[in-house]
Amino acid sequence: MDLVPALEEPLKKVLGPPTAKVMAEHLGLHTVGDLLHHYPRRYEERGQLTHLADLPMDEHVTVVAMVADARLHTFASSKAPRGKGQRLEVTITDGNGRLQLVFFGAGVHKPHKELLPGTRAMFAGKVSVFNRRLQLAHPAYELLRGDAEETVETWAGALIPLYPATAKLESWKIGKAIQTVLPSAQEAVDPLPDSLREGRGLVSLPEALLKIHRPHTKADIDDARSRLKWDEAFVLQVALARRRHADAQLPAVARRPKPNGLLTAFDDRLPFTLTEGQQKVSKEIFDDLATEHPMHRLLQGEVGSGKAQPLDSLVLTPVGFRPMGDLRVGDEIVVPDGDIALIDGVYPQGEREVWRLILSDGSSVECDDEHLWIVGTSRGWDRGQAPKVMTTREIRLDAFKANGSSKWYLPTADPVDLGDDSGLPLDPYLFGLLLGDGSVRHHLRLATVDDEMSHGKFVPDEFKNTSIKNRLALLQGLLDTDGTVGKDGLSISLCSASRRLAEDVAWLVRSLGGRATVLPKKAAFNVSVALPDDYAPFRLTRKAEQVRSRPRYDTFRRGIRAVEHVGRKPVQCISVAHPSHAYVTDNFTVTHNTMVALRAMLATVDAGGQAAMLAPTEVLAQQHHRSIVEMMGDLAEGGMLGGSEHATKVVLLTGSMGTAARRQALLDLVTADAGIVIGTHALIEDKVQFHDLGLVVVDEQHRFGVEQRDALRGKGKQPPHLLVMTATPIPRTVAMTVFGDLETSVLDQLPAGRSPIASHVVPAADKPHFLARAWERVREEVENGHQAYVVCPRIGDAIDEPADPKKARKSAEDEAEKRPPLAVLEIADQLTKGPLSGLRVEVLHGRMHPDDKDAVMRRFAAGETHVLVATTVIEVGVNVPNATAMVIMDADRFGVSQLHQLRGRVGRGSAAGLCLLVTEMPEASAARQRLNAVASTLDGFELSRIDLEQRREGDVLGQAQSGARTSLKVLAVIEDEEVIAEAREEAVAVVEADPELENLPALRTALDALLDDEREQYLEKG
């Protein structure tokens, strides 16, 4: 930041080549200035000792502690002189916890003399575990000795800076190196304008550098950090403000919608009233459009256009299928190409008319009339033509060819690994063999199967929600016993007396991208099986040799055979943060969804301009086009017979369009017949000319760079307005940094029809009476006619205990000598005999028999059970409006999104919900702070902040910081919201007064240091 000769001096000259090399390679420090800006991570008082209980495993740590005990052991060793080795075990303490240090061989002599009981020192090393105890092996150490004239109080209160260090360079060695270069801090040039520094009461930069490295008091540290945070926030915000200022100097055509025009006609047709939030955001956008400078606005949380599925329809996630009604913002789902994507919007749509699509293999899927499907004709798919995106209504009105066969075919989803491979009670191929020939029913007892086998065979969930390899092995086992190959070598089938097993086989085939149909026979069920060539159906040689490769035209796409009316059902719409906006629903069916920003485009058209929406793929462009045309109705039929008087034309422009259609689209744009165009990057090509481009809408995930923006600007008479959309909640400070060159509008999404949920942390270790009160609250809820959940991280049965001692040793709880997580079976037993005696308590977990699980859930849903003690299995498929209380045991063992999801199980009815987060973590611990934060809010934006706080700052900023010199060191993007907001205000004022910073050369220098090429490019892309 300070390009001054003294601070630019290479460390090699000042510290010598060996130290400089380690600093460069391991810490990215090259100059005196770099080292001065390598700030302490924290400080210890010599008289205070580091809390040893919270040390992280496998990390390099520095601790201040006192020696409690030191013992020298001898042991037989062939490598040691005279066959005897020496081991020194030193126990250090913080007054409560203890940590063992161990030294071997020749390394024992010096510590044996120096580390006497009562000695205080700094110790540095990697935390490991041995015999279930934490230890540091061969740590480096520095004794803490006082000067002869120091009083006890002065010595004890002295602050020791602890630096981000490495195994190659301990914290105290970094401190000594900084002591060497500290005099150069006086030459640091201050980037903050004097008026700002004085007005904010900030110390000078040289003083801040001295105080951060050599503080006398804690107030010195606060002064230094406050000042250095301002440096980082201010210089970054000046860079962004200059970008916004440069954009604001560009001319643009003001776009004011005319009264009673296209926008008014559209609003009048909306089946719902715009919310206050939507009206507020619309006003912000329309105010920007009305100025004579280009708008640059980020729109967060765009609302759904209502393409929905019933709450009981299924959506594929990385751990298997989950009901639509249980999905939350931030949950992971599987998209058709096998990627994992996040849900960035969940929109309950109340009750709607629902339709069922019957597919050619007999499977089905339900949705509303507006739901979108990616479809093509069989010939179109074979020729490689781009698929269409159609609504259910369009499909049911045009479902068949003239000969009565299916007209539309759905693509297949790529097979993906589900769940994990751990915990399978049996080799999947062997299980398939046993299941196929009936051995399971009579001879094999499995934790999850047991009695169910007497009612009919089936595939347990853990054998479904596993890897592709395991699912294929299971299927091969079944087919090797009960499968047959037809004479043509293509038709493969399996016969089973159990309908459930037949359906499970079909499920396995579809999960591998194949096609399966279940056909009932007189006394059995026949499953016809077709698998992609990548997956061999048999392992048995005599069967495998009969199988022939499938012809090229024999695909695995399923045709839509019929569309049936189901009736009214509660439905929900989700938005997927993935370029495809697609997901996988019931029976591995590919489906689609979208969010559309339309009113700003209509306002632009009303004002005589044209609006362009950029989509990253052709399929998405088609879907946006179809969706907008559908929403606008006859308002999208400009120049056509039957079009409304206010109508405009909405055209599609993609790279693969036919020549005639493309020529017509280009003509519509240049003549202004088309007010709205939806397209891919084909829009930016030289041939594309607009009559008067006024607005460009682009999705945040596909921000286009300066070249594309300039290319689009060249399309308009003057630069167009720009609206960047994201449906992901972005904390305000991240928006002000990562998206700092855009003004921000936020649409808050509040779920309708849900009761408030009060959340509290219950510190069971510090205040045991709080836990007793928690059980009293559960009793009170039951006495008031309600029900409760108790959630535990573990089941607690024999399978639960780790069998592999190596794996067992790796669990963080064992390593820290903590107890294992609380278990369902233990807690249920304790509650039944203790605080909840007399209440009907039942357990629910993933390893229960499916029938048992169903029975437990039925009793709980019917109100027969008062309290359900469960694992996180209740995240999925549980909707009991009468359940009002939840107690989460060992809540610190769950992630933020998991806690939020669990908490969403209560407060689903008219009565208020209560969620109690029980923990034994100490108050100062990071885990406890995270729980406090979760308890403090139900808001998605706030929770995204909390989640981001758990990550490193660089992860939050992504590209916004590049290189060690420019990364944020003291500024926390999430916590320092106030500083960033104030720095933004100051930066705007400075840039407005002096855009080129001619009167602020020191700030200009700091800015040049920040804006290396990569960062300059990033800001341009903004």
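**Contacts, charges and strands**

Modeller: The backbone oxygen of leucine 479 lies 3.0 Å from a polar atom of the side chain of lysine 543. The model is predicted: local features need pLDDT of at least 70 and side-chain atom pairs pLDDT 80 or more, while totals for chains, interfaces and linings use all residues. Residues are numbered from 1 along each chain as its sequence is written, and side-chain values use heavy atoms, without hydrogens or water.

Colleague: What makes the approach of the lysine 543 side chain to the backbone oxygen of glycine 483 a polar contact?

Modeller: A polar contact is a pair of N or O atoms within 3.5 Å; within protein, one atom must be able to donate a hydrogen and the other to accept it, and residues adjacent in sequence count only if both atoms are side-chain atoms. The lysine 543 side chain reaches the glycine 483 oxygen at 2.6 Å, so this pair qualifies.

Colleague: How do you know that lysine 543 has no salt bridge?

Modeller: A salt bridge requires a side-chain nitrogen of Lys or Arg within 4 Å of a carboxyl oxygen of Asp or Glu. For lysine 543, the nearest side chain of opposite charge (Lys and Arg positive, Asp and Glu negative; His and the chain ends not counted) is aspartate 480, 5.6 Å away. Lysine 543 is nevertheless buried, a term for under 20% relative accessible area, with exposed meaning over 50% and partly exposed in between (1.4 Å probe, protein chains only).

Colleague: Where is lysine 543 found, and which residues is it in contact with, leaving aside neighbours within four places in sequence?

Modeller: Lysine 543 belongs to helix 20 (residues 541-544); helices (H or I, at least four residues) and strands (E, at least two) are DSSP runs, numbered from the N terminus. Its contacts (heavy atoms within 4.5 Å) include Asp480, Val485 and Phe538.

Colleague: Why is the pair of arginine 356 and glutamate 366 called a salt bridge?

Modeller: The closest N and O atoms of arginine 356 and glutamate 366 are 2.9 Å apart. Arginine 356 lies in strand 14 (residues 340-359) and glutamate 366 in strand 15 (residues 364-368), so the pair ties together parts 10 residues apart in sequence. At 25%, arginine 356 is partly exposed, whereas glutamate 366, at 13%, is buried.

Colleague: What separates the two residues of the bridge between arginine 200 and glutamate 986 along the chain?

Modeller: Arginine 200 and glutamate 986 have their closest N and O atoms 3.0 Å apart. They are 786 residues apart: arginine 200 is in the loop between helix 8 (194-199) and helix 9 (205-213), glutamate 986 in helix 35 (residues 977-993). Relative accessible areas of 31% for arginine 200 and 22% for glutamate 986 place both in the partly exposed class. By the salt-bridge rule the count comes to 40.

Colleague: Why are strand 19 and strand 21 called edge strands?

Modeller: Four strands form an open antiparallel sheet in the order 19-20-22-21. Strand 19 (483-485) and strand 21 (515-520) each pair on one side only. Neighbouring strands are turned by 25° against each other on average, direction ignored.

Colleague: How do you know that strand 21 pairs with strand 22?

Modeller: Pairing requires that DSSP finds at least two bridges between the strands. Strand 21 and strand 22 (residues 525-530) are joined by 6 bridges and run antiparallel, so they pair. Alanine 516 stands opposite valine 529 in strand 22.

Conventions:
Axes fitted to C-alpha atoms, helices over the stretch in contact; angles between N-to-C directions.
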